[in-house]
Amino acid sequence: MPRLVVVESPTKARTIRRFLPSGYRVEASMGHVRDLPASASQIPSKVKGSAWSRLGVDVDNDFAPLYIVPPDKKGVIKTLQEALAEADELYIATDEDREGESIGWHLLEVLKPKVGVRRMVFHEITREAIHEALEHTRDMDRRLIDAQETRRVLDRLVGYSISPLLWKKVAPRLSAGRVQSVAVRLLVQRETERILFVPAAYWGVAAALAKDGTPFEAVLTHVDGVRVAGSKDFDPDTGRLKTGLRAGHEVALLDEVRARHLAGTLASAPWTVVDVEAKENRRSPAPPFITSTLQQEASRKLRLSARETMRVAQRLYEQGYITYMRTDSTTLSNEAIRAARAAVEERYGAEYLYGKPREYSSSVRNAQEAHEAIRPAGTAMRTRDEIGLTGIEGALYDLIWKRTVASQMADARLRSVVARIEAGVGADRGTFRASGRTVEFPGFFRAYVEGTDDPEAALEDRDQPLPPLSEGDRPSCRSVDAKGHETKPPARLTDATLIQVLEREGIGRPSTYASIIDTIVDRGYVRRVSGQLVPTFTAFATNKLLEGHFSRLVDVGFTASMEQQLDDIAEGRIDAIPYLRDFYTGPDGLAARVEQGLDTIDARAVSEIAFEKWAPYVVRVGRYGPYVETTVDGARRVTSLPDDLAPGDCTAEGLAELVGAQEAGDRFLGIDPATEQPVQVCRGPFGYYVQLGDDDTVAKPRRVSLPKGLTPDSVDLDRALELLALPRLLGQHPDSGTDILANVGRYGPYVQHGSTFASLTAGDDVFSVDLDRALELLAKKENRNKPLRVLGNHPGTGEAVEVFEGRYGPYVKLGRTNASLPKGETVESVTLAVAIELLAAREAAPAKGGKSGRRGGSPKSASGAKKGAAAKKSASAKKGRKGA
């Protein structure tokens, strides 16, 4: 009888099969086969009446979790049971971390094997590693299982207790989480700094000099011996010099007049080098990648989100190209060190090899994952070209290869030169600074240069030399320019910098950072804009509630200490049950705080976001989104805010403009000669529209939205009547004989054939598009409903997995679940295994509409969503002409 090996994914299964001896059968569990209920419909009827059932955790019975088999995993379980019935031994080969151990334990709880069970662990999928794992199996690690379960229960208690409170006090379909809420707070704090920031203007002087024909630049640092003020000398909250700095005493604060005077005076003055200082510096290579540093570098260098990085790294691992990608350890095995050093000597020469093997220790707080660093798998240290990797997989593998090899290379040696140069006399005596750098020996720079979060920073491996300068030299002056500057607000956080802060503070685990960022984006707390993470007004309101009533939960120090206590539970130093009891049901526990909050939290106060510089306007977050509120002539005025308006970009002037546009109201255009009804242009919550008839005289006035590019000021009576005459009949479809229409809807102009709608492109005009063009657009749209490829059937459900072309690019589809293809993946290259992973990740992630994913932190609120939709529809109807 065969031996059954169970792993998490089809890709991993396919790779392992290549290295196992005959007599082994490999199946995939498709991730977790059991979990806490994701919705009320999954709660077993026998416990549905219990007060704790909504949590999925029996808080009265030592916090026992309620595990269920999700409907989409029943087919997987059946396949595994059939395979186990034919096996004489079961090998659990899931990942070596807590999550993998938990998956394996749930498999045993569901399958209840009557044959021997072995736990095989490995951190790379190579022939040697798999054979080593087969020979040295172990038992399931109960401490890892308990540690994962405690974290899962704790996260569930936080999410499912606070989220309903957010629904009642802030807005529907929000969520809270042990780590995600701290991440949101960090982003809100940074955005608040940007709002409060007061820019300061200052001037500087730069000179273009030359020595023996070689040009170089020098910057003014002192005037008559007093240091010139720079950006760091200003208080970001006032825009004035920091306390203790006086203009003309501690610093020289230049304005435009003074700067231009100095530039004009010094341009014709003699210049003299008064001091030259040269230094030799060394740079050592960074350690090999751990999870968080890989995410940061991939964000900087490859513009990948943390989620995209982990998805690609997972594929590289499961295909046997890299070691396990969830790790806190910077350690390399002796074999890996020998392989890396051999690669350095072979490719770059012995002089580029560090004198002895470099060993690194982790700097991550509470580091606990007992794996190697992320590196190329095996001992050959093959390059991406030697493996044949291309696209984004090749790019990420290349990053890992270079970082690993560089970690064993010699230091880089740099020579920096700083020269002080003077010109002018008396009060106009200026001291300038010129700096240069040359790479004396590149060392590890030959393989890898670490990225930077400052886009203006020069890379360390770039030469920026000065000409040879000595004290007393007289360089020539080509020009002197006065330059105005303004201090800049602190930069918004990116995936890379947020991960850096979370890791530095010991919040969460590197393996969870990708899902945390995904969650706060999907829940509407954050928008990604040009690589930046921009918090929304909803994030501000939610953070205000949590800071005011659950301050410990969003405190960085408390969250980090909680992480340490969870590690202590994993190590057996703390008992989980008393810890959970104190956290949840204690006198000041979470349950009591939530109950108190339901009675005491003022929803209106929480929803208010006000800053002095916005006065007299305040922003509030309502059930249907953010809006600005003010008082005009004693009357309250409110106006919805655009979805893409960032809090940090708000100004009193901008808010006044939005309110003014609302106050301007409707504009009368004239009378329709056919109906003798008034025609006007109006503004509604979804933009401007034209309307035929008056709300007071017509039960349901006809309304048509203005197409993109048509402004309300440019609409006259003739154009309004053209819009109101829509839809246009273009002709009949040659096959069906059905009418083809051109019209304008909420999302812009389109053409229609029966139930098929195709949007017009930027070059099309709804008033002039003809039948041929409409047929072309409709044909493209109808083809989208046909799969480009059928990849095969899902092993769990048996349904077809297909590839389609969508508005935003190709995607894979299984039933009602869609997942976009990531960067580097094409319609032709995507495989069934990759598609299944993408779909599984999509199902596990919280939906933007607010549904919890399979492992989400907050409960579903299906009834609440329906009520919210009905209320919104009713409110829109009551708004009359503002509801076009």
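The largest cavity in this predicted model has a volume of about 70 Å³. The structure holds 3 cavities of 30 Å³ or more. Twelve is not a number to picture without names, so here are some of them: of the 12 residues lining the largest cavity, Tyr 67, Ser 102, His 106, Gln 148 and Glu 149 are the closest to its centre. Two elements, α3 (98-111) and α5 (142-169), each give two or more residues to that lining. The largest share, 4 residues, comes from α5. By type, the lining of the largest cavity divides into 3 nonpolar, 4 polar and 5 charged residues.

**Aromatic rings**

A pair of aromatic rings is described by the distance of the centres and the angle of the planes. The count comes to 14 aromatic pairs. Take Phe 289 and Tyr 448. Their ring centres are 6.4 Å apart and their planes stand at 85 degrees, so the pair is edge-to-face. Phe 289 lies in the loop between β10 (271-283) and α8 (291-302), while Tyr 448 lies in the loop between β12 (430-441) and β13 (476-486), so the pair ties together parts that are 159 residues apart in sequence. Phe 289 and Tyr 448 are both buried.

Tyr 448 has a charged partner too: the charged end of Lys 301 sits over its ring, 4.1 Å from the centre. Elsewhere, ring pairs link Tyr 348, Tyr 352 and Phe 441 into a cluster. The ring of Tyr 352 has the charged end of Arg 446 sitting over it, 5.1 Å from its centre.

**Salt bridges**

Side chains of opposite charge can pair when their charged atoms come close. The count comes to 55 salt bridges. Among them are these:

| Acidic residue | Basic residue | Closest N to O |
|---|---|---|
| Asp 567 | Arg 151 | 3.0 Å |
| Asp 411 | Arg 358 | 2.6 Å |
| Glu 372 | Arg 375 | 2.8 Å |

The bridge of Asp 567 and Arg 151 links distant parts of the chain. Asp 567 is in helix α16 (residues 556-570) and Arg 151 in helix α5, 416 residues apart. Both of these residues are buried.

The bridge of Asp 411 and Arg 358 also links distant parts, 53 residues apart. Asp 411 is in the loop between α12 (391-406) and β11 (412-423). Arg 358 is in the loop between α10 (334-348) and α11 (384-387). Asp 411 is buried, with a relative accessible area of 12%. Arg 358 is buried as well, at 11%.

Arg 375 and Glu 372 are both buried. Finally, salt bridges that share partners join Arg 98, Arg 151, Asp 155, Arg 178, Arg 509, Glu 563 and Asp 567 into one network.

Key:
Residues are numbered from 1 along each chain as its sequence is written. This is a predicted model: local features need pLDDT of at least 70, side-chain atom pairs count only at pLDDT 80 or more; totals for chains, interfaces and linings use all residues. Side-chain values use heavy atoms; hydrogens and water are left out. On a 1 Å grid over the protein atoms alone, a cavity is a set of points where a 1.4 Å probe fits but cannot get out, and a pocket is an open set with protein on both sides within 12 Å along at least five of seven lines; lining residues have an atom within 4 Å of a point. Grid points are joined across faces, edges and corners, and a volume is the space filled by probe spheres set on the points. Ala, Val, Leu, Ile, Met, Phe, Trp, Tyr, Cys and Pro count as nonpolar, Asp, Glu, Lys and Arg as charged, and the others, Gly among them, as polar. Rings of Phe, Tyr and Trp (its six-membered ring) pair if their centres lie within 6.5 Å; planes under 30 degrees apart count as stacked, over 60 as edge-to-face and the rest as tilted. Buried means under 20% relative accessible area, exposed over 50%, partly exposed in between (1.4 Å probe, protein chains only). A charge sits over a ring if NZ of Lys or CZ of Arg is within 6 Å of the ring centre and within 35 degrees of the ring normal. A salt bridge is a side-chain nitrogen of Lys or Arg within 4 Å of a carboxyl oxygen of Asp or Glu.
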